[in-house]
Amino acid sequence: MALITSDRARFPNDPWQLVETVHLPGNAGTLETLFSLGNGHLGIRGAHWAAADAELPGSFINGFHETWDIKHAENAYGFARTGQRILYVPDANNFTVIIDGEPLTLEESTVLDYRRSVDFATGVYECRITWQCRSGATVTTTERRAVGYESRGALGISLEVAADRDVYADVTSSVINRQDQPVEDHSAHDPRRAGRHAGRVLLPVRLDGGDGSLRLSWEAAESKQRLGMAVDHWTSAGVQPFDTHVDQDDSSVRYVLAVSAGQPFVLEKSVSYAVGQAAEDLADSAEAGLKPVAEIFAQSEAHYSAYWKTSDIVVSGQPELQQGIRWNLFQLAQATACADVAGIPAKGVSGSGYDGHYFWDQEVYLLPYLTYTSPGNARQVLEFRHDLLPEAKIRAKELSVDGALFPWRTINGLEASAYYAAGTAQFHIAAAIAFATNRYIWASGDAEFQDTLGADLLIETARMWVSLGFFGKDGLFHIHGVTGPDEYTAVVNDNLYTNVMARFNLRAAAGLNHPAVGEAERQLWEQAANRMHMPYDEDLQVHSQDNDFMTLEPWDWTTPRSKYPLLLNFHPLVIYRHQVLKQADTVLAMFLQWQDFTPEEKRRAFDFYDPITTGDSTLSACVQGIMAAEVGYGQAALDHFTHALFIDLDDTHGNTIDGVHIASTGGVWSSLVSGFAGLRDQGAVPYFDPRLPAGWDGLDFHLKIQGRLLHVGLEQGSISLTVREGAPLEVDVRGELLTVDAGPVRVPLAPVATPEPTIFPSGLPTASIPVVRPGI
């Protein structure tokens with residue numbers, strides 16, 4: 001059931017804000033995700049400040065995690081041994097407000113007016129509530145929050161209490177260690193959700209406080225990472241704290257005072273976090289990072305002022321979509337802006353879903369956005385992967401292959417996926433890293449990176465592929481025993497996506513002029529690429545997802561919707577025996593390696609696979625929409641895009657409570673830029689083949705490409721291109737080569753004809769055989 005779009009009175013459609021105007025019970029945890037703040041390093045969920053009104057509150061720091069030994073019921077050589085899980089860091093967003101003896105909570109108090117918002121233009125969260133107190137007073141509380149950007153470990157919170165008459169206020173500001181609170185382990189029922197640790201995780205190192213200031217630090221029991229925290233308070237009335245209490249799990253600063261009518265009480269809370277492995281007291285490092293709350297707010301506003309100038313995407317004539325587009329772009333910024341040389345978790349820093357792990361998502365779904373909007377951040381993500389090369393080489397030896405084998409899911413560089421069939425077997429992560437590397441080099445022109453870190457990544461992944469595969473008696477190169485992006489078919493031979501991307505990887509590495517690559521190795525890579533087996537069904541004239549996919553029994557599509565996602569309702573072996581997809585696989589290969597397939601091959605593949613794709617993965621809708629646009633199915637493209645756009649805003653997959661699906665937000669960016677604007681890259685020049693949906697008046701965005709800032713403007717029937725910064729740029733629009741400079745170049749566009757869909761056999765193989773019943 002939809003959430004945001006189902007009640008536009010409660011959630012009005014504002015193009016620059018997400019707003020809630022009425023508080024209702026239910027969905028609190030999901031809304032905590034939707035109203036979260038983050039900068040890629042530090043994240044704070046959008047929970048209300050009162051404990052009674054929060055469902056899954058918390059704060060996170062990218063990469064701060066705990067480890068444990070994975071216990072396999074039946075062990076085997078090479079299984080993942082070290083589990084990793086992002087930790088809740090002690091959370092500063094906690095207040096208790098008591099007016100004339102009455103605790104104020106949404107659950108039990110009388111609310112006269114309510115409004116909360118997160119402002120995409122400034123990055124500021126605000127919640128204003130007017131309460132009717134039992135004492136007769138009318139009190140308004142206003143909380144505002146922002147995270148720092150120049151000071152990426154900084155958090156600023158202000159709480160204002162205003163009354164229409166004199167009242168007595170008792171206000172407590174708390175820091176709560178949520179990691180070690182007793183909480184239900186939801187992962188037992190849903191593997192997508194984060195698990196919990198059985199024992200105590202954060203061990204106190206320093207617990208100091210006084211006069212409204214806190215200096216605290218902890219060490220994770222097993223990973224030995226350390227966290228320092230400094231908190232200072234300031235009040236408008238110059239009131240001294242009534243009490244400052246320090247504890248490993250709940251530290252607090254309490255103020256007791258009279259609040260006069262017309263003289264609001266303002267409490268500002270400046271917070272700073274520091275993390276590391278160092279033995280020194282990180283509370284001191286955190287203290288050095290403390291900033292005035294007003295400065296933290298100013299940093300956030302300055303960051304987004306600059307961000308939107310080149311990263312905004314404007315859809316004209318579609319106000320229902322514009323808010324959702326900006327919310328998704330806002331989440332991309334919040335997940336990546338200050339990550340530094342670190343990975344991007346699948347949920348960013350908005351929640352604990354997927355245990356805070358880094359997957360292939362960041363290379364295939366996030367790096368396109370970063371490469372074309374913030375190339376420096378894209379390089380940092382690739383630097384992070386390069387930093388993991390030593391562990392990846394060790395892992396390769398464990399799996400009896402050469403080069404580097406990157407973990408399917410990880411935080412610290414070690415494989416953390418205990419289910420190898422849908423984890424380690426997804427060797428295609430190596431090609432994803434190589435693909436993102438090559439795209440960054442192509443789009444940025446970063447020659448220094450190409451000759452050093454980029455070459456390392458391309459070479460070591462190519463070595464892995466050529467040793468993983470083999471030349472068969474048919475003379476072709478085969479890769480067996482792998483799982484592709486579609487996790488509903490596992491450990492198969494010659495997965496088309498894997499082979500297509502491995503072929504790309506081998507060719508990209510063979511094309512390097514690098515002293516580490518000898519001529520014999522280069523020729524081996526070229527032969528493996530040129531002879532790569534591409535499964536194809538001659539009867540259906542469709543590329544097969546793998547060697548055996550076309551022999552599987554079709555899925556029973558009368559299965560009720562209550563049984564989806566299938567992974568929560570059917571044993572994997574049941575799913576693996578059927579023709580049913582969790583997400584786009586072959587179709588994704590044809591998008592990423594667009595030059596390798598003909599328009600007819602792409603159309604037939606889309607026609608065959610789209611109807612049997614469940615969309616149980618949030619990574620699927622955006623890709624299906626992009627390819628629907630390319631093959632000419634305008635309405636299907638728009639439908640898939642709209643689905644992707646509201647995955648979190650409407651909680652369509654039922655697990656937004658655990659954090660934003662960041663890869664899907666990256667997919668929304670790609671849907672607009674690569675789907676409707678038709679950008680294809682890594683060719684001779686940037687290529688555009690636009691597919692603006694009917695009913696859209698226009699689409700405008702910028703790309704940072706090859707040292708230029710390129711503005712792209714689409715209207716019905718035309719595309720306009722302008723280089724707003726940098727030298728002229730060669731661009732191909734539907735086969736017409738153009739030189740674009742500071743003067744707009746407008747190209748007329750003929751309408752795209754909608755083709756007749758290919759008709760494939762449907763139903764069970766025995767559907768046309770008459771049923772013979774006894775006695776008939």
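The legends below describe close-up views of a predicted model. Because the model is predicted, local features are taken only where pLDDT is at least 70 and side-chain atom pairs only at pLDDT 80 or more, whereas totals for chains, interfaces and linings use all residues. Residues are numbered from 1 along each chain as its sequence is written, and side-chain values use heavy atoms, with hydrogens and water left out.

**View 1. An open sheet of five strands, with helix α17 lying across part of it.**
The strand order is β20-β29-β30-β31-β34, with antiparallel pairing; helices (H or I, at least four residues) and strands (E, at least two) are DSSP runs numbered from the N terminus, and two strands pair if DSSP finds at least two bridges between them. Strands β20 (314-316) and β34 (745-748) stand at the edges with a single partner strand each, so one side of each has no neighbour in the sheet. From one strand to the next, the twist averages 20 degrees. Within the sheet, β30 (residues 708-715) and β31 (residues 718-725) run antiparallel and are joined by seven bridges, and His 711 stands opposite Thr 722 in β31. Helix α17 (residues 662-676) lies across β20, β29 (698-705) and β30, and runs at about 95 degrees to β29; contact means heavy atoms within 4.5 Å, and angles, from 0 to 180 degrees, are taken between the N-to-C directions of axes fitted to C-alpha atoms, for helices over the stretch in contact.

**View 2. Two edge-to-face phenylalanine pairs between helices.**
The structure holds 31 aromatic pairs, where rings of Phe, Tyr and Trp (its six-membered ring) pair if their centres lie within 6.5 Å, and planes under 30 degrees apart count as stacked, over 60 as edge-to-face and the rest as tilted. The ring centres of Phe 435 and Phe 504 are 5.3 Å apart with the planes at 70 degrees, so this pair is edge-to-face. Phe 435 belongs to helix α8 (residues 429-444) and Phe 504 to helix α10 (residues 496-510), 69 residues apart. Both Phe 435 and Phe 504 are buried, a term for under 20% relative accessible area, with exposed meaning over 50% and partly exposed in between (1.4 Å probe, protein chains only). Phe 641 and Phe 676 form another edge-to-face pair, 5.3 Å centre to centre with 75 degrees between the planes. Because Phe 641 lies in helix α16 (residues 634-645) and Phe 676 in helix α17, the pair ties together parts that are 35 residues apart in sequence. Phe 641 and Phe 676 are buried.

**View 3. Strand β11 between two hairpin partners.**
Eight of the ten residues of β11 (residues 138-147) are buried, so that the strand is mostly covered. Eight bridges join β11 to the antiparallel strand β10 (residues 124-132), with Thr 130 opposite Thr 140 in β11. In the hairpin of β10 and β11, with five residues between the strands, Gly 136 takes a positive phi near 100 degrees. Towards β12 (residues 154-163), also antiparallel, β11 makes nine bridges, and the bridge partner of Thr 142 is Glu 160 in β12.

**View 4. Helix α4, enclosed by the rest of the structure.**
Of the 18 residues of α4, 16 are buried, so the helix is largely enclosed by the rest of the structure.
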